[in-house]
Amino acid sequence: MRAKGLGAKVIVTEVDPIKAMEAVMDGFSIMPMNKAAEIGDFFVTVTGCNGVITEKDFMKMHDGAICCNAGHFDVEVDVACLRRISVESHLARNNIMAYKLSNGNTINVIAEGRLVNLAAGDGHPAEIMDMSFAIQAQSALYLVKNKNKLTEKIINVPKEVDRAVAERKIKFWGFEIDKLTPEQEKYLNSWNA
Ligand SMILES: NC(=O)c1ccc[n+]([C@@H]2O[C@H](COP(=O)([O-])OP(=O)(O)OC[C@H]3O[C@@H](n4cnc5c(N)ncnc54)[C@H](O)[C@@H]3O)[C@@H](O)[C@H]2O)c1
């Protein structure tokens with residue numbers, strides 16, 4: 001969405017049909033990675049999966065294409081494969097490796113394919129970390145308060161914790177939102193009963 005806002009034509013590649021449908025409804029094009037590889041100038045993976053961009057994709061990319069990963073370790077963009085199949089490589093700029101392929105094209109990889117915002121940027125901005133830390137602190141408090149009720153299993157962050165943090169963030173921004181009246185709550189709950 002940020003890239004789109006800056007004027008980029010953004011293509012989403014997905015394996016989940018529901019997410020893919022949402023992407024189309026949000027105004028993005030969707031297609032398989034191997035097709036997008038032919039078109040894209042800048043590739044960002046954020047899947048948590050391995051082998052998202054691999055040899056067959058690298059071989060279709062434009063000369064000068066740039067790849068990076070904001071998802072999982074260094075396995076989403078298959079950098080090990082690039083190292084293996086490239087005929088030459090050099091440091092193009094600080095934190096950007098250029099790999100020349102046998103077809104003459106050069107593919108650039110930022111930060112060795114590791115989490116780009118952490119490895120090549122300045123990490124997360126305070127505006128994000130304040131919410132993460134607030135959720136962690138509130139979750140710890142929830143655990144202490146509810147220790148006798150909880151069983152030994154992983155539990156999701158309770159909605160009330162998410163809500164409490166969101167409410168404070170909105171207040172900090174200086175915005176206000178509406179609140180359900182008791183009648184509205186009763187009305188909505190009558191559907192869930
Ligand atoms: N860089 C950061 O600061 C940062 C922040 C949060 C999360 N993450 C990481 O980002 C990754 C994604 O997290 P998320 O919460 O968005 O997960 P998510 O499950 O909500 O989204 C991942 C999406 O990738 C899709 N996907 C999975 N495998 C795919 C594949 N092979 N090809 C195409 N699409 C595929 C899934 O269908 C899903 O829609 C995780 O590895 C997470 O740890 C990074």
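In this predicted model, the ligand is surrounded by 15 residues, and the closest of them are Asp-16, Thr-47, Gly-48, Cys-49 and Gly-71. By chemical character, this shell divides into 6 nonpolar, 6 polar and 3 charged residues.

Stepping back from the ligand, the overall architecture comes into view. The chain is split into two parts, with domain 1 covering residues 32-119 and domain 2 covering residues 126-192. A distance of 39 Å separates the C-alpha centres of domain 1 and domain 2. In terms of secondary structure, the chain contains 9 helices and 7 strands.

The dimensions of the chain can be described in two ways. Along the principal axes, the C-alpha trace spans about 70 × 35 × 35 Å. The radius of gyration is 22 Å, whereas a compact globule of 193 residues would be expected to have a value near 16 Å. Of the 193 residues in the chain, 15% are buried. As for the contacts between residues at least 6 apart in sequence, 50% join residues that are at least 24 apart.

A closer look at one residue adds some local detail. Ile-39 belongs to helix H3, which runs over residues 33-39. Is Ile-39 buried or exposed? Ile-39 is classed as partly exposed because 14 C-beta neighbours lie inside 10 Å, a count between the limit of 12 or fewer for exposed residues and that of 20 or more for buried ones. Ile-39 can also be placed relative to Lys-60: these residues are 21 positions apart along the chain, and their C-alpha atoms are separated by 8.7 Å.

How values were computed: Residues are numbered from 1 along each chain as its sequence is written. This is a predicted model: local features need pLDDT of at least 70, side-chain atom pairs count only at pLDDT 80 or more; totals for chains, interfaces and linings use all residues. Domain bounds come from an automatic or database domain assignment. Helices (H or I, at least four residues) and strands (E, at least two) are DSSP runs, numbered from the N terminus. The radius of gyration is taken over C-alpha atoms; the globule rule is 2.2 Å times the number of residues to the power 0.38. Two residues are in contact if their C-beta atoms, placed from the backbone, lie within 7 Å. A residue is near a molecule or strand if its C-beta atom, placed from the backbone, lies within 6 Å of it. Ala, Val, Leu, Ile, Met, Phe, Trp, Tyr, Cys and Pro count as nonpolar, Asp, Glu, Lys and Arg as charged, and the others, Gly among them, as polar.
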